[in-house]
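Colleague: Could you take a close look at one part of this model for me? I would like to hear about the disulfide and what surrounds it in the chain.

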Amino acid sequence: MRLIWLLTIFLVGCDWSQNSVAPTQQDLDRIATILDQDRIILTDPQRISAPVPALRLSETRISFGDALELGECGLLPLIAERNSSLGRQKQESIRLIYEWQLKVGLDQCTQFEDQEWFQKVRVAKAAHVEIAVLHLLTRSEEADRIHLKINRPLATLSDSRMVYINRTQPVIQVLLRALQYRTPPETEAMTQFEEALYAWSQTQHHGTLHQAIVKTRDWLNAANQLQVSVVKQNTICPMGTPTEQGRYVQAFIRDYYVPTIQPKLSSIKQAIDEMNSIWSVLPMTLWTQNTLIDALLKLPKGFQAELQTALTAHIDHWQHILQSCGLKARADTTNS
C-alpha cells in the first residue's frame with residue numbers, strides 16, 4: 001500500500017507538461033499531495049498592464065537663421081524635415097536614423113561649437129537619439145509584436161531564450177552605434193537593420209517571458225502557501241522525529257522536483273538574468289536598467305523583486321521541512 005501511495009504522488013495528473021513556460025497545476029497538485037494538503041486551484045493570472053514611462057521628443061527647433069548657418073554643414077534638409085509635421089510622424093526605426101544622422105551632423109559641424117545656441121541643440125539631440133532608441137524598443141510595431149503571448153513560435157522558454165539571444169545581437173549592435181553617435185547606416189545597412197528588427201520581434205520572447213514570470217509568481221505564491229501550512233501544522237515530522245512521510249518528501253524533491261520543476265524555475269531565472277545582461281551594454285542615461293527591463297517586459301515596478309522573494313522563500317521552505325525531519329537536501333537540490 002505504501003508503494004501504491006508513493007506512486008500516486010509521483011504520477012497524479014499524468015501530464016508532465018514539458019513545453020510549459022512555467023510550473024503547472026499538475027506540479028502544484030503533486031506538492032499538495034506529498035505535503036498532505038488540500039489542492040489550490042490556480043486561476044488564469046489577471047491581466048497586468050504596466051504603462052511605459054513617458055518620454056517625448058522635445059519641440060526644440062533650430063531657428064530659421066541658425067538653420068541657414070548650418071546649411072554649409074549639409075544639415076538644412078534634415079532640419080527642415082525635422083521641423084515639419086510629417087517629419088515628426090515617422091515610424092520609430094526611421095525616426096531613430098533621422099535623429100542619429102542629425103546628431104552626428106551637428107558633431108561634425110565644428111565651426112559653431114563655441115556658440116551657446118549650438119551647444120544647447122547638441123545636448124537636445126543627444127537626448128533625442130536615446131529617446132528614439134527607447135521608443136523603438138518599447139512603443140513601436142516591433143515592440144508590440146515581440147510582446148505577443150499567443151501562438152508562440154517557440155514551444156519552450158529555453159528555446160525562446162536561445163533564439164532571442166541570437167536575434168538580439170544585430171539589433172543591439174546598431175543601437176549601440178547610435179548611442180555612441182558613430183556613422184549612421186546607409187540604405188543597404190538600413191534595410192538589414194529593418195530585417196533584423198523584424199526577425200527579433202518574431203521571437204515573441206518578451207511576451208513569453210512576461211507570461212512565464214506572472215504565472216511563476218502566482219505558482220510560487222500557491223506553493224509557498226502549501227509549504228507554510230504544513231510547517232505550521234507540524235504533522236510531517238512532529239517534534240522533529242523522523243518519519244516515513246518525511247522520507248517520502250525527500251524522495252519527491254530528489255526524483256520529481258529536481259528533474260521536473262526546478263528546471264522551469266531555473267530557466268525563468270536565467271532568462272531574466274540574460275535580459276539584464278543583454279541590455280546592460282546600452283549606455284542609457286534617461287532610464288535605469290530596471291526601468292528598461294520592466295518596460296521591455298511590460299511589468300510593474302518591483303515585480304521582478306517580488307518573484308525573486310517568492311522563489312527564495314520557496315527554497316527556504318523545502319529546506320526547513322527537510323531539516324525538521326532531520327533530513328538534508330543536497331546543495332543543488334533546491335537551489336534554483
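Modeller: Happy to; here is the disulfide, with the chain as background. Please keep in mind that this is a predicted model. The chain has 13 helices and 0 strands, and 49% of its 336 residues count as buried. Among its contacts with a separation of 6 or more, 80% are between residues 24 or more positions apart.

Now to the bond itself. The count comes to 1 disulfide, formed by Cys 237 and Cys 325 with their sulfur atoms 1.9 Å apart. That distance meets the cut-off for a disulfide, because a pair of cysteine sulfur atoms has to lie within 2.5 Å. The pair links distant parts of the chain, 88 residues apart. Cys 237 sits in the loop between α10 and α11, while Cys 325 belongs to the segment after α13, a helix covering residues 303-324. As for geometry, the torsion about the S-S bond is about 100°, so the disulfide is right-handed.

What about the surroundings, buried or exposed? Cys 237 has a relative accessible area of 1% and is therefore buried. Cys 325 is at 2% relative accessibility, so Cys 325 counts as buried too.

A word on α10, the helix before the loop that holds Cys 237. This helix, residues 205-233, packs with α2 at an angle of about 10°, their axes 10 Å apart, so the two are roughly parallel to each other. Their contact has 7 nonpolar, no polar and 1 charged residues; Asp 27 and Leu 28 are among those from α2, and Trp 219 and Leu 226 among those from α10.

Technical notes:
Residues numbered from 1 in each chain as written. Predicted model: local features only at pLDDT ≥ 70, side-chain atom pairs only at ≥ 80, totals over all residues. Heavy atoms only, no water. Axes fitted to C-alpha atoms, helices over the stretch in contact; angles between N-to-C directions. Helix = DSSP H or I, 4+ residues; strand = E, 2+ residues; numbered from the N terminus. Parallel < 35°, antiparallel > 145°, perpendicular 65-115°, else oblique. Contact = heavy atoms within 4.5 Å. Nonpolar A, V, L, I, M, F, W, Y, C, P; charged D, E, K, R; others polar. Buried < 20%, exposed > 50% of the residue type's maximum accessible area, 1.4 Å probe, protein only.
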